[in-house]
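Dear colleague,

I am passing on a structure that you may like to have open while you read. My notes follow below it.

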Amino acid sequence: MKLFKLAVFLFFISTVQLYAQSYGNFKKVPVAFGLFPPLNTNGTDAGNCVNQLSFNLISGYSGGLAGFEFAGFSNTERDFVRGAQFAGFLNFVNGEFTGFQYAGFANFNRDIARGFQFAGFANFNYAEANGMLFSGFANFTNGKSLAIQMAGFANFCEDVEGFQASGFANVVKGNGKVTQLSGFSNIILGEANGFQAAGFLNYSKEKMQKFQAAGFTNIVNSDAEGVQIAGFSNITKGNLNGVQIAGFMNVAKKLNGLQLGFINFADSVESGVPLGFLSFVRKGFHEFEFSVGETFNTQVALKIGVEKFYNIFAFGTQFLTSGFNWGFGYGIGTHLAHTDNFKTQLELVSYQIKEGNDWIDTYNGLQQLKLTFSKKITNHVDAFAGPAFNLLVTNNKFTDGGRFESHFAPYSFFTHKGDDTTLKGWIGITAGIKIN
């Protein structure tokens with residue numbers, strides 16, 4: 001029985017070889033099959049044959065493929081593939097590939113790959129890759145990728161124009177005109193142009209254009225043009241022409257656009273504005289103020305940001321009353337008008353007022369709106385004065401159930417007392433000097 005099977009196998013080998021036709025430097029073979037090299041219908045001449053249909057129980061080897069190929073373990077082509085390959089473990093093509101590849105483990109292509117690749121573990125392309133690449137673990141492209149790449153773990157390529165999605169990371173050694181989606185990070189070591197979304201980090205070593213969104217941080221080592229959104233921080237070491245939105249911090253060199261975050265840093269602002277609790281612009285607006293008034297008999301304030309929008313940190317005392325009271329506050333302000341010698345500022349500050357010798361275990365908040373008019377005295381000193389509109393909101397109940405009555409208001413134009421809250425309002429005046 002075994003001798004009969006071997007005889008049949010050898011008969012098919014000889015029959016197919018008789019019908020082999022010339023194909024350039026290769027022989028064109030309509031149908032080839034076998035167990036493994038050289039036990040196949042092309043025999044020892046397999047490396048000089050181009051198969052149209054090839055079926056191998058274990059593995060196949062040929063000069064090229066112009067059709068369909070199947071092997072239980074692996075397919076190997078000495079030159080090109082134009083068609084479809086299916087292998088239980090591996091497809092290896094030493095030249096160009098055009099068509100469809102499926103492998104349980106990996107697809108290897110030494111030259112340009114065009115078409116669809118699916119591998120249980122990885123697709124390896126050592127030159128340019130065009131088409132669609134899907135793998136359970138990774139896609140590696142040593143040249144340019146003009147493809148859709150999807151991998152369970154990571155995509156790696158030299159340059160990319162297309163789409164990348166991975167469970168962990170997308171890494172581009174050169175430039176990327178790409179849409180990237182990853183569970184952890186997108187890294188482009190050249191210029192990034194497109195859309196990046198990552199669970200943790202987006203990084204561009206050179207210029208970034210268009211859009212970045214990250215769960216933790218976006219980092220651009222050069223200029224950025226577009227939108228950056230991050231759960232924690234956006235860091236652009238060059239100039240920003242666009243928008244930064246972060247849960248905590250934004251950093252840019254020169255800002256042309258908007259920064260929105262808890263803390264914003266910029267070297268300078270050409271146009272636009274940083275908005276946040278603290279916005280520090282090295283070549284921006286900085287002002288120290290000393291003032292007097294009926295509400296706070298003495299007050300100091302630090303203002304930083306830009307003229308369109310700045311942050312105010314203030315501290316004031318009231319000692320021309322029966323007791324010593326003080327308060328600390330935070331606010332925002334803007335310049336309504338600014339000339340060489342005059343400027344007008346509108347500011348809103350909220351203070352927590354402390355009365356007497358002990359901390360008040362309740363809310364005792366002063367909301368103060370000021371409109372000030374300043375005149376330059378020297379290059380760095382202005383004198384100012386203006387009205388202040390005050391509203392004191394006091395919670396009458398302590399946390400332990402007792403009651404509190406504020407005596408901070410020097411006088412009031414109106415008073416409203418409720419069961420839990422007392423409101424007192426008055427208009428006063430403030431005056432002083434500003435150092436800038």
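The notes below cover the cavities and then a patch on the surface.

This is a predicted model, in which local features need pLDDT of at least 70 and side-chain atom pairs count only at pLDDT 80 or more, while totals for chains, interfaces and linings use all residues. Residues are numbered from 1 along each chain as its sequence is written, and side-chain values use heavy atoms, with hydrogens and water left out.

A cavity is a set of points, on a 1 Å grid over the protein atoms alone, where a 1.4 Å probe fits but cannot get out, and its lining residues have an atom within 4 Å of a point. There are three cavities of 30 Å³ or more, and the largest has a volume of about 80 Å³, a volume being the space filled by probe spheres set on the points, which are joined across faces, edges and corners. Among the residues lining the largest cavity are Ser-291, Glu-294, Lys-370 and Thr-430, and the largest share of this lining, three residues, comes from β30 (a strand is a DSSP run of E of at least two residues, numbered from the N terminus).

The second largest cavity holds about 40 Å³ of space, and its lining includes Phe-33, Asn-51 and Tyr-61, with the largest share, three residues, coming from β4.

On the surface, Leu-346 lies in strand β34 and is partly exposed, with a relative accessible area of 31% (partly exposed lies between buried, under 20%, and exposed, over 50%, with a 1.4 Å probe and protein chains only).

Best wishes

How values were computed: Helices (H or I, at least four residues) and strands (E, at least two) are DSSP runs, numbered from the N terminus. On a 1 Å grid over the protein atoms alone, a cavity is a set of points where a 1.4 Å probe fits but cannot get out, and a pocket is an open set with protein on both sides within 12 Å along at least five of seven lines; lining residues have an atom within 4 Å of a point.
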